[in-house]
Amino acid sequence: MRPDQDYFEETRLGKAYDLKLLRRLRPFTRPHRRLIVWSVGLVVLITLLDLALPYVTKLAIDRYIVPPAASAPDSRPGPPPAERYLSIDLADPAAAAVVGKYAGVARIDGNTARIAFTDLPRLTPADLAELRRDDLAGLTGLAAIFLVLVILDFLLNFSQAMVMEYAGQRMMHDLRMQLYGHIQDLALEFFIRNPVGRLVTRVTSDIQNMYELFTSFVSFIFKDLVLLAGIAAVMLALNWKLALVTFAVLPLVAAASIGFSKHARDIFRILRVQVAEINTRFSETIGGMRAIQLFRQEANNSRRFAALNHENYLAGMRQIRVLAVFLPLIEVLAVVSVALIVWYGGGRVLDETLSLGALVAFVSYIRMFYRPLRDLAEKYNILQNAMASAERIFLVLDTTTVLPQPSLPPGGRFPQLDRLEEIRFDNVDFRYVTGEPVLKQVSFNLRRGETVAVVGATGAGKTSLISLIPRLYDPTAGRILLNGRDLREYPSAVFRDKMALVMQESFLFSGTIRENVFDGAGGPAPARAEEIIAAANLNGLVGRLPHGLDTLLGESGSLISSGERQLIAIARAFARNPQLILFDEATSYIDSQTELLIQQALERLMRQRTALVVAHRLSTVRNAQRILVMNRGRVIESGSHAELMARQGFYYRLHQAQPGAGPAQ
Ligand code: TTP
Ligand code: MG
């Protein structure tokens with residue numbers, strides 16, 4: 001890999017937490033602000049409900065199951081204050097009848113009878129049920145409230161999830177569209193430097209990570225933090241001393257979390273980098289499968305992949321070790337907290353300064369308190385991934401390797417371009433990578449109606465030269481003039497519309513032939529379409545295919561030879577009806593019959609048009625008014641076929657070397 005190819009080398013992206021990144025997400029959240037506010041509101045409601053549930057349990061215990069010992073109702077020496085009594089209102093005749101049966105057990109005090117809890121087992125179950133009828137009714141009421149709260153909790157959770165996921169999906173959709181559009185606008189130079197696998201990761205998993213960031217961030221900030229604060233507040237309100245004792249463990253929890261994040265940070269990052277590398281390697285393997293299998297590189301490739309995979313496994317194991325310490329540690333601390341509550345809180349229940357219900361509620365709250373902490377590791381991972389993804393997405397979005405488009409000149413109008421009169425190369429230098437010049441001081445011109453051919457050995461720079469005309473790249477030095485003005489003064493759409501490029505290895509999109517020829521949009525009227533197909537000599541191919549023009553190329557890609565590919569590309573050029581044809585003849589072997597078809601189609605295409613033709617077969621060259629002979633990036637000879645032959649130079653030797661060239665004409 002060349003040093004300047006590692007544009008987005010993942011290893012360089014270390015600082016995962018950057019609040020600036022979150023700020024940059026704002027434009028994407030703004031359109032969905034309402035949904036987010038809704039979602040946050042629901043989260044707060046849900047948290048309140050969650051907090052209410054243990055409290056209902058506390059009420060049930062304290063009011064109806066084991067009421068706290070009432071301090072002696074009067075100052076009379078009587079029952080010791082630490083004993084619990086069931087108070088019975090004697091105004092109720094049924095209760096009074098039961099109390100009558102247990103004269104030795106009940107103490108009567110005016111209109112109230114009291115039976116010690118320790119004596120309750122001496123009553124028959126039926127009598128006990130009669131005495132505690134009100135408690136049972138109260139308990140049933142609270143259970144019903146509990147049920148309603150749980151159902152409400154479910155409904156709110158459902159709505160909240162729907163609202164938030166909806167907002168998240170919409171954001172992801174917007175972000176992906178923007179990224180896709182941006183990548184499409186980038187200059188070709190960018191794609192030389194960035195492997196496909198990495199860009200694919202950008203549009204797929206990086207966007208997915210952002211989505212998770214959004215959903216888990218909202219739930220983390222609003223659900224977990226509000227919940228933690230709420231629990232702490234409720235615990236302090238219930239019994240601040242017990243709450244403080246319970247919180248004694250928290251410094252340990254904080255230390256464990258900090259230690260975890262320190263260790264996890266590096267490991268998670270390494271893992272991320274490795275996954276990206278595996279993706280890249282894999283997509284390159286698939287792209288180059290033909291070459292790999294032909295050159296029997298499978299074993300070599302597997303070996304390299306195995307090394308990568310092994311590193312990934314090692315990092316995975318390191319991650320698991322960290323998690324395997326952290327998660328049980330949090331679990332242990334949670335249990336220690338419960339033990340503290342039972343020990344200290346239990347003592348307070350014994351000396352009657354804490355109700356049993358409050359103790360039970362404390363245990364529930366502390367369990368709830370540790371739940372988000374247990375998820376911390378997972379959230380941490382999501383957050384790290386997402387931050388890194390955000391950074392990479394914005395790096396692509398910030399890439400400005402677009403071909404600079406001209407700004408509107410002072411007159412308010414771009415230069416007009418109705419007819420291509422002349423294209424002139426003025427001392428053009430060009431290179432793809434620094435230090436490896438591809439074109440050197442190329443100068444020539446091409447006037448309207450002319451056909452100019454470019455010939456030269458392989459690697460001479462013919463394809464590169466032709467790519468500069470539609471401004472796929474900009475020259476590194478010198479100028480290309482179009483009707484006397486620099487190409488860079490026109491918006492590129494203006495001149496690209498007027499030319500058609502038939503590439504050496506024509507790229508066909510997956511889709512039907514019709515879509516490939518007519519740019520997908522419905523196409524011209526059937527008669528015109530037929531005319532184009534006929535002119536491009538595609539009739540034979542179309543007639544042979546099962547669904548004619550509507551044959552899916554993906555289905556029968558193998559049916560399309562490189563010659564036929566070029567015919568389709570010629571038809572595509574015809575369909576655009578351009579003023580200038582840029583033709584890069586295929587290098588691969590094409591049978592003489594197809595070659596003839598291409599030749600004819602090309603001649604028809606070039607009629608009445610300006611053309612620059614890169615030719616490998618000298619038969620293509622002869623009709624050109626002028627021939628440019630290239631060698632190692634320079635134009636070393638130019639002239640008509642006859643002139644160049646007479647000169648007996650490079651072209652002459654090239655011509656002689658070609659099999660079946662025959663005597664010079
Ligand atoms: P080309 O311009 O592709 O040479 P050519 O078209 O004359 O060769 P052929 O007859 O085989 O089609 O390449 C010139 C140099 O530029 C060569 O060293 C390869 C390099 N190059 C790149 O680095 N990146 C590219 O995208 C292309 C097209 C070429
Ligand atoms: Mg070429």
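The exercises below, each with a worked solution, concern a predicted model.

Local features need pLDDT of at least 70 and side-chain atom pairs count only at pLDDT 80 or more, while totals for chains, interfaces and linings use all residues. Residues are numbered from 1 along each chain as its sequence is written, chains are lettered from A and ligands numbered from 1 in the order in which they are written, and side-chain values use heavy atoms, with hydrogens and water left out.

**Exercise 1. Nonpolar cores**

Task: find the residues with the most contacts inside the largest nonpolar core, and list the elements that give two or more residues to this core.

Solution.
1. A nonpolar core is a set of buried Ala, Val, Leu, Ile, Met, Phe, Trp, Tyr and Cys residues joined through side-chain atoms within 4.5 Å. Buried means under 20% relative accessible area, exposed over 50%, and partly exposed in between (1.4 Å probe, protein chains only).
2. The largest such core holds 39 residues, and I231, M235, F260 and Y370 have the most contacts inside it.
3. Two or more residues of this core come from each of α8 (196-238), α9 (240-247), α10 (250-287), α12 (298-350), α13 (356-374) and α14 (376-398). Helices (H or I, at least four residues) and strands (E, at least two) are DSSP runs, numbered from the N terminus.
4. A second, separate core has 36 residues, including A529, I533, L567 and I568.
5. For I231, contacts (heavy atoms within 4.5 Å) outside four places in sequence are with L51, Y365, M368 and F369.

**Exercise 2. Salt bridges**

Task: for the pairs E421 and R419, D474 and R471, and R488 and D486, give the N to O distance and the burial state where it is available.

Solution.
1. A salt bridge is a side-chain nitrogen of Lys or Arg within 4 Å of a carboxyl oxygen of Asp or Glu. The structure has 17 of them.
2. E421 and R419 meet at 3.3 Å, N to O. E421 is partly exposed at 36% relative accessible area, and R419 is partly exposed at 42%.
3. In the pair D474 and R471, the closest N and O atoms are 2.7 Å apart. R471 is buried, with 1% relative accessibility.
4. R488 and D486 meet at 3.2 Å, N to O. R488 is partly exposed at 30%, whereas D486 is buried at 12%.
5. Beyond these pairs, D92, E130 and R133 are linked in a network of salt bridges.

**Exercise 3. The surroundings of ligand 1**

Task: list the residues around ligand 1, then state which helix gives the largest share of the shell.

Solution.
1. A residue is near a molecule or strand if one of its heavy atoms lies within 4 Å of it. Around ligand 1 these are Y432, V438, A457, T458, G459, A460, G461, K462, T463, S464, Q504 and H616.
2. Helix α15 (residues 462-468) gives the largest share of this shell, three residues.
3. A polar contact is a pair of N or O atoms within 3.5 Å; within protein, one must be able to donate a hydrogen and the other to accept it, and residues adjacent in sequence count only if both atoms are side-chain atoms.
4. Oxygen atoms of ligand 1 lie 2.3 Å from a side-chain N or O atom of T458, 2.8 Å from a polar backbone atom of G459, and 2.5 Å from a polar side-chain atom of S464.
5. On its own, ligand 1 has 600 Å² of accessible area, and the protein covers 64% of it. Accessible areas come from the Shrake-Rupley method with a 1.4 Å probe; for residues, only the protein chains shown count as cover.

**Exercise 4. Two polar residues in helices**

Task: place H182 and Q274 in their helices and describe their contacts.

Solution.
1. H182 belongs to helix α6 (residues 133-185) and is buried at 18% relative accessibility.
2. A polar atom of the H182 side chain is 3.3 Å from the backbone oxygen of L397. Leaving aside neighbours within four places in sequence, H182 is in contact with V396, L397 and T399.
3. Q274 is in helix α10 and is buried, with 8% relative accessible area. Not counting residues up to four places away in sequence, Q274 touches E311, N312 and A315.

**Exercise 5. Positive phi**

Task: is N537 buried or exposed, and is Q608 buried or exposed?

Solution.
1. N537 is not a glycine, but has a positive phi of about 55°. N537 sits in the loop between α18 (526-535) and α19 (539-544) and is buried at 14%.
2. Q608, also not a glycine, has a positive phi of about 65°. Q608 sits in the loop between α21 (592-606) and β11 (610-614) and is exposed at 78%.
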